[in-house]
Protein chains: 2
Amino acid sequence: MKAKLEEILHQSSRLMAKKAYHGTSMRDLACQTGHSVSGLYNYFKNKEELLYLINYNGFSAITDTLNRTLETMHGPQERLYALIYNHIHYFMAHRDEMKVMMMGTQEMALEKSRVIREIKDKYTQTSQEIVREIYQAETGAAPDKKEISRKTFLLFGMMNWIFGWYSPKEHGDTEALINDVYTTFLHGLSGEKTSFPACAGLFKK
Amino acid sequence: MKAKLEEILHQSSRLMAKKAYHGTSMRDLACQTGHSVSGLYNYFKNKEELLYLINYNGFSAITDTLNRTLETMHGPQERLYALIYNHIHYFMAHRDEMKVMMMGTQEMALEKSRVIREIKDKYTQTSQEIVREIYQAETGAAPDKKEISRKTFLLFGMMNWIFGWYSPKEHGDTEALINDVYTTFLHGLSGEKTSFPACAGLFKK
DNA sequence: AATATGAATGAACGTTCGTTCAGAAACTAC
DNA sequence: GTAGTTTCTGAACGAACGTTCATTCATATT
């Protein structure tokens, strides 16, 4: 009953990860899950709700495990590592769901997309807080709000883009990946600013 | 004539950036461009070709400007900065196109997707070469192929994810963003590896 | 003025879309 | 074995999809 919905959500993620939301038809999904088309509607109200449930379950899971982990960690570096470890490990175990979750909430009803946005905002806020703490701990300087925001999103970029290229065979195991992200971000954060004003002028708009 | 196709491609990017490929209908596009539905077919063979042209023009432009710029730059740091500057500036000026280009080539005919993949592969190769050079220059160590590959993709992640969050008002101007990416990656690359083996055990699978 | 050329159109084609619904099938409880 | 309940299904719905085509329109050439 509940397990069947979970299976439908997973298969739905597999299809939508390949062909996107509008490219995946209810008939495709019925074929993939072994149900009839009409039978699927016993488990959810409509197609749009599928997208919502995948997003809701995914983002809820990732924030829940992070918050539970952070309760026992208080050092800035450990907390940053926990954030990265949690994020990447979740997405490694749910790559199709991840891709669907990256697609945005455009196709959802307004109220549903607001629920998802709130979870994401809270996750972003937690992450920015961790980045702010470690910035202060590493540099001792007063953190600029815009800069913290930018750098947090750069971290997200490194982590979220993984689904587009990573394969263990070609790029090493997950631990190496996590360490690269952690090392890159930590040292990058505390590195002194280096600009190339002379260089920038060389490019024509 | 050619200008009208360019305009159609741009409007197509705008729509597809919002609603994805399958979510954008020929009728939507006709309405957006002011043409009739059938009139659009004077400018391209079919809908799938639209996706191809957006991708081809975009990736061609970005690689062409990069290659032209790299011809006059020989220092590893300058070359890295040029890569980042070129990538981010192009995507800032073509955000909708960028989003479409990130959607992948799943909906294209096989031969067309192969053309796109070849351009992307060459761009990746050039970037990896730059990263390899700077890794050697900064650390003096022999570069591990897998590590270079991973870190190059982390750089791409920081840059490609920008379209999902950046707004000048909230996160500062483009130059600050470019500098953050450059600084983060440069210092992150040469930073010594820091791992948390004790920490990793704290997480349950 | 007549003709040739390419651009643009409305109507229609056959498919496929998400969704519904009356009823069959399967399972429980008495 | 019968009645009640839940699970599932095939057929069908109207709407929207990408694409085609016989025309019309606009412009340029002779």
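1. Helices here are DSSP runs of H or I with at least four residues, numbered from the N terminus. By this definition, B:Gly39 belongs to helix H3 of chain B, which covers residues 37–40. The model under review is a predicted one, and the remarks below should be read accordingly.

2. Is B:Gly39 buried or exposed? Its relative accessible area is 15%, and the limit for a buried residue is under 20%; B:Gly39 is therefore buried. That area is computed with the protein chains only. The C-alpha atom of B:Gly39 is separated by 40 Å from that of B:Gln125, a residue 86 positions away along the chain.

3. The overall architecture of chain A is helical: the chain has 11 helices and 0 strands. Its pattern along the sequence reads α-α-α-α-α-α-α-α-α-α-α. The C-alpha trace of chain A spans about 60 × 50 × 40 Å along its principal axes. Of the 205 residues in chain A, 53% are buried. Among contacts in chain A with a separation of 6 or more, 73% join residues that are 24 or more positions apart.

4. The largest nonpolar core contains 121 residues. The residues with the most contacts inside this core come from both chains: A:Leu80, A:Ile84 and A:Leu155, together with B:Leu80, B:Ile84 and B:Leu155. Which residues does A:Ile84 touch, not counting those up to four places away in sequence? They are A:Leu155, A:Met159, A:Ile178, A:Val181 and A:Tyr182. As a general background, nonpolar side chains tend to be buried together in soluble globular proteins.

5. Two residues of the H1 helices deserve a comment. A:Ser12 is found in helix H1 of chain A, residues 2–23. A:Ser12 counts as buried because its relative accessibility is 0%. Apart from neighbours within four places in sequence, A:Ser12 is in contact with A:Leu29, A:Leu50 and A:Ile54.

6. In chain B, helix H1 (residues 2–23) holds B:Gln11. With a relative accessibility of 12%, B:Gln11 also counts as buried. Once neighbours within four places are set aside, the contacts of B:Gln11 are B:Leu29, B:Gln32 and B:Thr33. B:Thr33 lies 22 residues from B:Gln11 along the chain, yet the C-alpha atoms of the two are separated by 6.8 Å.

7. Helix H2(B) has a buried side and an exposed one. Its buried residues are B:Met26, B:Leu29, B:Ala30 and B:Thr33. Why do these residues lie on the same side of H2(B)? They cover an arc of only 100° around the axis, so they share one side of H2(B). On the other side, B:Arg27 and B:Cys31 are exposed. The cover over the buried residues of H2(B) includes H1, H3 and helix H4 (47–70) of chain B. After H2(B) comes B:Gly34, which has a positive phi near 85°.

8. DNA strand C has 18 residues around it, of which A:Lys47, B:Lys4, B:Ser36, B:Ser38 and B:Tyr43 come nearest. Sugar and phosphate provide 46% of the atoms of DNA strand C that come within 4 Å of the protein. A phosphate oxygen of this strand is 2.8 Å from a backbone N or O atom of A:Met26. A side-chain N or O atom of A:Tyr41 lies 2.7 Å from a phosphate oxygen of DNA strand C. Among the base contacts, a polar side-chain atom of B:Asn42 is 3.3 Å from a base nitrogen of DNA strand C.

9. The surface near DNA strand C draws on both chains: helix H2 (26–33) and helix H3 (37–40) of chain A, together with H3 of chain B, each supply at least two residues. The residues of this surface comprise 5 nonpolar, 9 polar and 4 charged.

10. For DNA strand D, 17 residues are around the strand, and A:Lys4, A:Ser38, A:Tyr43, B:Tyr41 and B:Lys47 come nearest. Of the atoms of DNA strand D within 4 Å of the protein, sugar or phosphate contributes 41% and the bases the rest. The side chain of A:Lys4 places an N or O atom 2.8 Å from a phosphate oxygen of DNA strand D. A polar side-chain atom of B:Arg27 is 2.9 Å from a base nitrogen of DNA strand D. H3 of chain A, together with helix H2 (26–33) and H3 of chain B, are the elements giving two or more residues to the surface near this strand. That surface divides into 4 nonpolar, 9 polar and 4 charged residues.

Technical notes: Residues numbered from 1 in each chain as written. Chains lettered and ligands numbered in written order. Predicted model: local features only at pLDDT ≥ 70, side-chain atom pairs only at ≥ 80, totals over all residues. Heavy atoms only, no water. Core = buried A, V, L, I, M, F, W, Y, C linked by side-chain atoms within 4.5 Å. Buried < 20%, exposed > 50% of the residue type's maximum accessible area, 1.4 Å probe, protein only. Contact = heavy atoms within 4.5 Å. Near = heavy atom within 4 Å. Polar contact = N/O pair within 3.5 Å; in protein donor to acceptor, adjacent residues only side chain to side chain. Nonpolar A, V, L, I, M, F, W, Y, C, P; charged D, E, K, R; others polar. Arc of directions from axis to C-beta.
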